[in-house]
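Hi,

Here is the structure I promised to pass on. Have a look at it first, and my notes follow below.

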Amino acid sequence: MNRRKLLKSIGISIGGTLISTKVLARLADDSFEYAIPPNPLHQPIGKSITAITLGAGNRGTVYGNFAAEFPNELKIVGVAEPIKFRNDKYAKTHKIPDANRFITWEHVFERPKFADAIIISTPDRLHYGPCMKALEMGYDVLLEKPISPSEKECRDILELSKKKGRIVAVCHVLRYAPYFVKMKELIAKGAVGEIMSVQHFEPIEHTHMAHSYVRGNWHNSKESTPIILAKSCHDLDIIKWVINKSSKQIVAMGDLKWFRKENAPAGSTARCTDGCKVERECPYSAIKQYYEKRERTAVLDLPEDKSKHAEVIMERLKTTNYGRCVYRMENDQPDHYITSIRFADNVTASFSMEAFTSYHDRRTRIMGAMGDMVGDMTELVITDFRTGKQTKLVPKAEDVEGYKNSGHGGGDWLLARDFVQAVAHQDSKMLTSTIDESIESHIMGFMAEESRKKNSVMNIKMKA
Ligand SMILES: NC(=O)c1ccc[n+]([C@@H]2O[C@H](COP(=O)([O-])OP(=O)(O)OC[C@H]3O[C@@H](n4cnc5c(N)ncnc54)[C@H](O)[C@@H]3O)[C@@H](O)[C@H]2O)c1
């Protein structure tokens, strides 16, 4: 049976507030599986909006998959991607004619405007150029985070989007995940009374750290973005979003402690495949991760024919960064990072990003005067101090068909859907992560990094 048919609205009393929610199932007396209702602002669209994807890697594919699944909402009509394998694959999936296939983003803008929107999923340092050009030419933009690694460039994009009256949706996808949507709604409705402080924890998971921030695209902060933005701009953004007050001060500490040359074990070699003596006992072995477990192999551009995977993976481990020893990279991203933030009205927050965990999924504790919340993205437990009553909410992104394909707690595709609506109706109110809304958490990230480097508390100024 289609679970959507089971949806019914019931009122749950939390913290003296009646919360109406779409409950899918009562799991126990005070435990409910719930879905957030479809965005009430959504209206039917006459025809699908069209978009050109710049960067057909991991994220370009996420939004491309949304288009493939919902062709009546989004159609990809062009692609710019220098890696032939990815360009070919993307063009085939979306039936993009050769005339609309480009090697680099600049080529797209040599043509007169030929779509409603541009999806910018290029590497971090290639967001500003295409975004400014797209806005000048009258495109709306779906812009991957971070907006840009430079505060000035972030502000330039904001300014130009206002001047041109165009929509820029920043891919702060957690704002669309039902778990965080409900957390924000409950706080706003007073479920825990006046909010005092927040503790937020981002466990990266040690193998994910090694993959992305030691060996992978973001291993060098100067060539990509400092990790507080590259990984944790989502977290600073969510903290700010749920507290819903402006940030005033921030202080940060942390460094690269483990993934350094001096920690390379005796017997280790430049690559895991070079006869490393400790490879079998190393938790970061590339052979274990990519070859044996076949984890995170999307970056290796494997052919469709699975019978060739073993051979191609081994070749990639011998020739790309993904096979290199984690202790011998040119990496500089901190592997543990803590920040404390003071918001208006003396609400405080602490945030901790940790590489060395066996698990992932953000953990959050909200402390209010009348109650608290504890959650780990799979459930949110709300306790009312006045009654002692506990309510457990278990999120499901049932309002998006094909949720299985949508990452970030369902947020990826829910953002894509709101973006389609915003462009179709030329109404940025459909989005919760417009550039205006998103910029403050980026400024918090820039200030945190400055604080970490200068060893001092930074005042956050929103106006230039
Ligand atoms: N919202 C999120 O949760 C989230 C998650 C991961 C990554 N990101 C961000 O999304 C962006 C893309 O990350 P990714 O993981 O997809 O990386 P990726 O490396 O998989 O994809 C980027 C693609 O851009 C292509 N590219 C490079 N130069 C180009 C050019 N001149 N013109 C066109 N394309 C070019 C690359 O070849 C690559 O295929 C980054 O800014 C990243 O920080 C966001």
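Which residues come nearest to the ligand? Of the 26 residues around the ligand, that would be Arg59, Glu81, Arg86, Asp124 and His127. Keep in mind that this is a predicted model.

On to the contacts themselves. Glu81 places a polar side-chain atom 2.6 Å from an oxygen atom of the ligand. Arg59 works through its main chain instead: a backbone N or O atom of this residue lies 2.8 Å from a ligand oxygen atom. There is also a backbone N or O atom of Cys171 at 3.2 Å from a nitrogen atom of the ligand. As for cover, the ligand on its own has 850 Å² of accessible area, and the protein covers 88% of that. The shell around the ligand is mixed, with ten nonpolar, ten polar and six charged residues.

Then the cysteines. With a cut-off of 2.5 Å between sulfur atoms, the count of disulfides comes to zero. Cys272 is in no disulfide, and the nearest cysteine sulfur, that of Cys276, is 6.3 Å away. Why is there no bond from Cys276? Its sulfur is 6.3 Å from the closest cysteine sulfur, in Cys272, and that is too far for a bond. As for their surroundings, Cys272 is buried, with a relative accessible area of 11%, and Cys276 is buried as well, at 17%.

Cheers

Terms used: Residues numbered from 1 in each chain as written. Predicted model: local features only at pLDDT ≥ 70, side-chain atom pairs only at ≥ 80, totals over all residues. Heavy atoms only, no water. Buried < 20%, exposed > 50% of the residue type's maximum accessible area, 1.4 Å probe, protein only. Near = heavy atom within 4 Å. Polar contact = N/O pair within 3.5 Å; in protein donor to acceptor, adjacent residues only side chain to side chain. Areas by Shrake-Rupley, 256 points an atom, 1.4 Å probe, with all protein chains shown as cover. Nonpolar A, V, L, I, M, F, W, Y, C, P; charged D, E, K, R; others polar.
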